[in-house]
Amino acid sequence: MKQVTTLGQFIIEKQNDFPYAKGELSRLLRDIGIAAKIVNREVNKAGLVDILGDQGATNVQGENQKKLDVYANEQFIAALSSGGECCIVASEENDDMVRIDSEVSKNAKYIVAIDPLDGSSNIDCNVAVGTIFSIYRRITKNGLPTLEDVLQKGTNQVAAGYIIYGSSTMLVYTTGKGVNGFTLDPSIGEFCLSHPNLKIPEDGTIYSINEGNYVHFPDGVKQYIKYCQVEDKATLRPYTSRYIGSMVADIHRSIIKGGVFIYPTTSSAPNGKLRLMYECNPMAFIIEQAGGKASDGFNRILDLEVDSLHQRSAIFIGSEHMVLKAEEFMKAHSAGQANGVVASKKSVA
Ligand code: AHM
Ligand code: MG
């Protein structure tokens, strides 16, 4: 029988990759894994709300039932607070960063940025949703950690990962030494190593974008979509279109099968929709570590300056060759439109 490696065992084994590490990062990852299991349990029960009580209603203990994204946010913050390795949580659910002021945590070394339940509107129709997280080392040495500790470029991430609550639940993460995927075995309640050293195919035949917004897209994206739809045997076109509307699920599929996921700037969202700190940077780190590429159409996502917690960015992410091709179209037809900087009126959709 094949030996099963659990997430906990794997994290401990990998600690030796960091000769000076004292185990804090390992404990942080373990805390995230524990919160993920709790959130998974609730997400799995989502279809039972009509039987067990609607969200917003009162449960038998007289407590208000929480919406799942609020619940997930609380679970991750609670796990990170009690673990003692994280001094600030920046969450898509909170306007401001959350400082963890307990004696053990206030001098902790790590900052976590998290989107606790991405794509949560998909829960109503039983479509996969996800959690995305990103870990940074604190910069300031003394006193209370500050916003400067949080607003770091994507290249400074020490770890990033996502959990996909899908037909099975998986946790995928990187610490900058490749990407590994773990599937939750519900019978033992453990994430088990199922996808060691994940690599995204260099090329693919699937493009993923909300084409309903076509009229609002930059010309470069419109032209790239046309390119995907043209018949050409040599490049296996026309490509297939797949869009779940849940970033984690769309990108997870791209890693497994190859493909490109695009959420561009649009005329109605001139900086893009997705958040740099909670969605773009962690996914970009994972994809690069899996051998793929992530760009805002012109620049590497991980090199973008971060000015504010909830900053948005366009994103073109996935198989290297597909992202490069999409960038070619952006350069040719939408130069100057990187992240809301619209230089040429002609190229605005
Ligand atoms: P959310 O953080 O409010 O859940 O929004 C993020 C989600 C992504 O998972 C997904 O890729 C995108 O929004 C879908 O947006 P749209 O409905 O505009 O296509
Ligand atoms: Mg989100």
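Let's start at L236, which is exposed because its relative accessible area is 60%, and the cut-off for exposed is over 50%. Please keep in mind, as we go, that this is a predicted model. L236 sits in the loop between α6 and β10. Its phi is positive, about 60°, even though L236 is not a glycine. Why mention that? Most residues other than glycine have a negative phi, and most peptide bonds are trans.

Stay in that loop for a moment, as there is something else to see. R237 and P238 are joined by a cis peptide bond, with omega at about 10°. P238 belongs to the loop between α6 (219–229) and β10 (240–241). So if you are scrolling along the chain, pause there and look at both features.

There is another residue with a positive phi, and that is N197. Its phi is about 45°, and N197 is not a glycine. You will find N197 in the loop between β8 (190–195) and β9 (206–208). Is N197 buried, partly exposed or exposed? It counts as partly exposed, because its relative accessibility is 48%.

Now let's go to ligand 1. Which residues come nearest to it? There are 15 residues around ligand 1, and D118, G119, Y243, M247 and Y263 are the nearest of them. By class, that shell is evenly split: 5 residues are nonpolar, 5 are polar and 5 are charged. Two strands, β3 (110–118) and β11 (260–263), each give at least two residues to the shell. And the shell takes at least three residues from domain 1 (7–195) and at least three from domain 2 (206–347). When you rotate the model, try colouring those two ranges separately.

Let's look at some individual contacts. The side chain of Y243 has a polar atom 2.5 Å from an oxygen atom of ligand 1. For K273, an N or O atom of the side chain is 2.9 Å from an oxygen atom of the ligand. E92 also takes part, with a polar side-chain atom 3.0 Å from an oxygen atom of ligand 1. How much of the ligand does the protein cover? On its own, ligand 1 exposes 470 Å², and the protein buries 76% of that.

You just met E92, and E92 has another partner: the magnesium ion, ligand 2. Which residues coordinate this ion? They are E92 and E279 through OE atoms, and D115 and D118 through OD atoms, at 2.0 to 2.6 Å. Along the chain, the donors follow the spacing E-x22-D-x2-D-x160-E. The two aspartates, D115 and D118, are both buried. Remember that D118 was also among the residues nearest to ligand 1.

M247 was on that list too, and M247 takes us to helix α7. This helix covers residues 247–257, and 9 of its 11 residues are buried, so the rest of the structure largely encloses it. The buried ones include M247, V248, D250, H252 and R253. After α7 comes G258, with a positive phi near 90°.

Let me finish with a quick tour of some buried residues elsewhere.

First stop, T174, in strand β6 (residues 169–174). Why does T174 count as buried? Because its relative accessibility is 0%, and the cut-off for buried is under 20%. Its side chain reaches the backbone nitrogen of G176 at 2.9 Å and the backbone oxygen of G178 at 2.7 Å.

Next, N73, which is in helix α4 (residues 68–83). N73 counts as buried because its relative accessibility is 8%. Its side chain makes a polar contact with the side chain of N94, at 3.0 Å.

Then P264, in the loop between β11 and α8 (276–289). With 1% relative accessibility, P264 counts as buried. Here is a nice one for thinking about folding in three dimensions: P264 and I209 are 55 residues apart in sequence, but their C-alpha atoms are 8.6 Å apart in space.

Last, A326, in helix α9 (residues 320–333). A326 is counted as buried because its relative accessibility is 1%. A326 and F316 are 10 residues apart in sequence, with 7.7 Å between their C-alpha atoms.

That's my tour, so do turn the model around and find these places yourself. Thanks for listening!

Technical notes
Residues are numbered from 1 along each chain as its sequence is written. Chains are lettered from A and ligands numbered from 1 in the order in which they are written. This is a predicted model: local features need pLDDT of at least 70, side-chain atom pairs count only at pLDDT 80 or more; totals for chains, interfaces and linings use all residues. Side-chain values use heavy atoms; hydrogens and water are left out. A residue is near a molecule or strand if one of its heavy atoms lies within 4 Å of it. A polar contact is a pair of N or O atoms within 3.5 Å; within protein, one must be able to donate a hydrogen and the other to accept it, and residues adjacent in sequence count only if both atoms are side-chain atoms. Accessible areas come from the Shrake-Rupley method with a 1.4 Å probe; for residues, only the protein chains shown count as cover. Helices (H or I, at least four residues) and strands (E, at least two) are DSSP runs, numbered from the N terminus. Ala, Val, Leu, Ile, Met, Phe, Trp, Tyr, Cys and Pro count as nonpolar, Asp, Glu, Lys and Arg as charged, and the others, Gly among them, as polar. Domain bounds come from an automatic or database domain assignment. Donors are N, O and S atoms within 2.8 Å of the metal (3.2 Å for Na, K and Ca); water is not among the atoms, so sites may look incomplete. Buried means under 20% relative accessible area, exposed over 50%, partly exposed in between (1.4 Å probe, protein chains only).
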